[in-house]
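Colleague: I would like to go through the strands, the helix packing and the core of this model. Please reason each point from the coordinates.

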Amino acid sequence: MAVNKSDLIERIYERQPHLTPKDVEVAVKTIVDGMAEALASGGRIEIRGFGSFVLNYRAPRTGRNPRTGEAVELSGRYVPHFKPGKQLREDVDRSRTNNPDEAAGEGRNANLPSLPPVE
Amino acid sequence: MTTLTKAALVEQLYETLGVNKREAKELVEMFFEEMSSALSHNVPVKLSGFGNFELRDKAERPGRNPKTGEEVPVSARRVVTFRPGQKLRQRVDNYAGAQSN
C-alpha cells in the first residue's frame with residue numbers, strides 16, 4: 001500500500017473543507033510541479049522538518065552494454081538526492097519500534113490518522 | 001544556486017490559485033504533514049512526475065566515531081529513501097547536459 005497524489009489531495013481536502021476539491025487538486029499539483037521544476041533547473045529544495053533535495057554529480061565513466069559487452073562512454077550527469085530532515089528521520093524510525101512485526105513499507109493507508117484541520 | 005523553500009511554494013500557490021496567503025500556507029504545510037504522516041506510519045508515498053519515497057529497514061552495523069576513532073555500532077533503524085522518477089531524472093539530466101555544452 002502506498003499513498004499517491006490523489007490520496008494526498010483527498011486527505012488535505014478533508015482538512016480544508018472551505019476550499020473546493022479543485023483548489024486542493026491544483027494546489028498539490030502546483031507544489032509537485034514546483035519541486036520538480038526547481039531540481040530540473042539545477043536548484044535545490046529545503047523543507048524544514050521534512051528534508052532537502054539536492055543534485056549529486058556522477059562523474060563520466062566507461063560503461064558496458066550488458067548484452068553485447070561493448071564499451072560505452074557515459075557522460076557526467078546530475079541525479080536528484082533526498083536527505084530526510086531530523087523530525088522525519090526520528091518519526092520514521094519510531095514506526096519500527098512501535099510495530100516491530102511489520103516490515104519496512106508495509107504500513108496500510110487505512111491506518112493513517114486523520115490529522116486535525118488547521119483553524 | 002536557487003533554493004526552493006516553503007515560503008516560495010506558498011508564494012507560487014498564492015499567485016496561481018485564488019487563495020489568500022494564509023490558505024496557501026496551510027496547503028503547503030498540510031502537503032508535507034500528510035507525506036510525513038504516511039512515511040511515519042510505514043506507508044510509502046508515490047508522486048507521479050517526481051518520485052517515490054520508500055522505507056527500508058537497516059540492520060545494525062559496525063561504525064566509528066569520526067572524531068575519536070572509537071568503534072561504536074550503528075543501531076538498527078528504519079530510513080526513508082527517495083527514488084526519483086524516470087521523468088524527473090530525464091529533466092535533471094537534460095539540464096546538466098545543457099550546462100556542459
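Colleague: In what order do the strands of the open sheet with E6(A), E3(A), E2(A) and E1(B) lie, and which are the edge strands?

Modeller: This is a predicted model. The open sheet has four strands with mixed pairing, in the order E6(A)-E3(A)-E2(A)-E1(B). A strand that pairs on one side only is an edge strand, and that applies to E6 (77–84) of chain A and E1 (3–4) of chain B.

Colleague: Which residue in E3(A) stands opposite Glu46(A)?

Modeller: Strand E2 (residues 44–47) of chain A and strand E3 (residues 51–58) of chain A run antiparallel and are joined by three bridges. In E3(A), the residue opposite Glu46(A) is Ser52(A).

Colleague: What are the edge strands of the open sheet with the order E1(A)-E2(B)-E3(B)-E6(B)?

Modeller: That open sheet also has four strands and mixed pairing. Within it, E2 (residues 45–47) of chain B runs antiparallel to E3 (residues 51–58) of chain B over three bridges, with Leu47(B) opposite Gly51(B). The strands that pair on one side only are E1 (3–4) of chain A and E6 (77–84) of chain B.

Colleague: In the hairpin of E4(A) and E5(A), which residue takes a positive phi?

Modeller: E4 (residues 61–64) and E5 (residues 71–74) of chain A pair in the antiparallel sense over four bridges. Thr62(A) has Glu73(A) as its bridge partner in E5(A). Six residues lie between the strands, and the one with a positive phi, near 80°, is Gly69(A).

Colleague: Are H2(A) and H2(B) roughly parallel or roughly perpendicular?

Modeller: The axes of helix H2 (residues 21–40) of chain A and helix H2 (residues 21–40) of chain B come within 10 Å and cross at roughly 70°. Angles of 65 to 115 degrees count as roughly perpendicular. H2(A) and H2(B) are therefore roughly perpendicular.

Colleague: How do the residues of the contact of H2(A) with H2(B) divide into nonpolar, polar and charged?

Modeller: From H2(A), the contact includes Val24(A), Ile31(A) and Met35(A). From H2(B) come Leu27(B), Val28(B), Phe31(B) and Phe32(B). The count is 10 nonpolar, no polar and no charged.

Colleague: Which residues touch the most other members of the largest nonpolar core?

Modeller: Nonpolar side chains in soluble globular proteins tend to be buried together. Taking one of the residues in question, Phe50(B) touches residues of chain A, including Val32(A), Leu39(A) and Phe53(A), and residues of chain B, including Phe82(B) and Leu88(B). Of the 48 residues in the core, those touching the most other members are Phe50(A), Phe53(A), Phe31(B), Phe50(B) and Phe53(B).

Methods:
Residues numbered from 1 in each chain as written. Chains lettered and ligands numbered in written order. Heavy atoms only, no water. Core = buried A, V, L, I, M, F, W, Y, C linked by side-chain atoms within 4.5 Å. Buried < 20%, exposed > 50% of the residue type's maximum accessible area, 1.4 Å probe, protein only. Contact = heavy atoms within 4.5 Å. Pairing = 2+ DSSP bridges. Helix = DSSP H or I, 4+ residues; strand = E, 2+ residues; numbered from the N terminus. Axes fitted to C-alpha atoms, helices over the stretch in contact; angles between N-to-C directions. Parallel < 35°, antiparallel > 145°, perpendicular 65-115°, else oblique. Nonpolar A, V, L, I, M, F, W, Y, C, P; charged D, E, K, R; others polar. Lists of a residue's contacts leave out its neighbours within four places in sequence.
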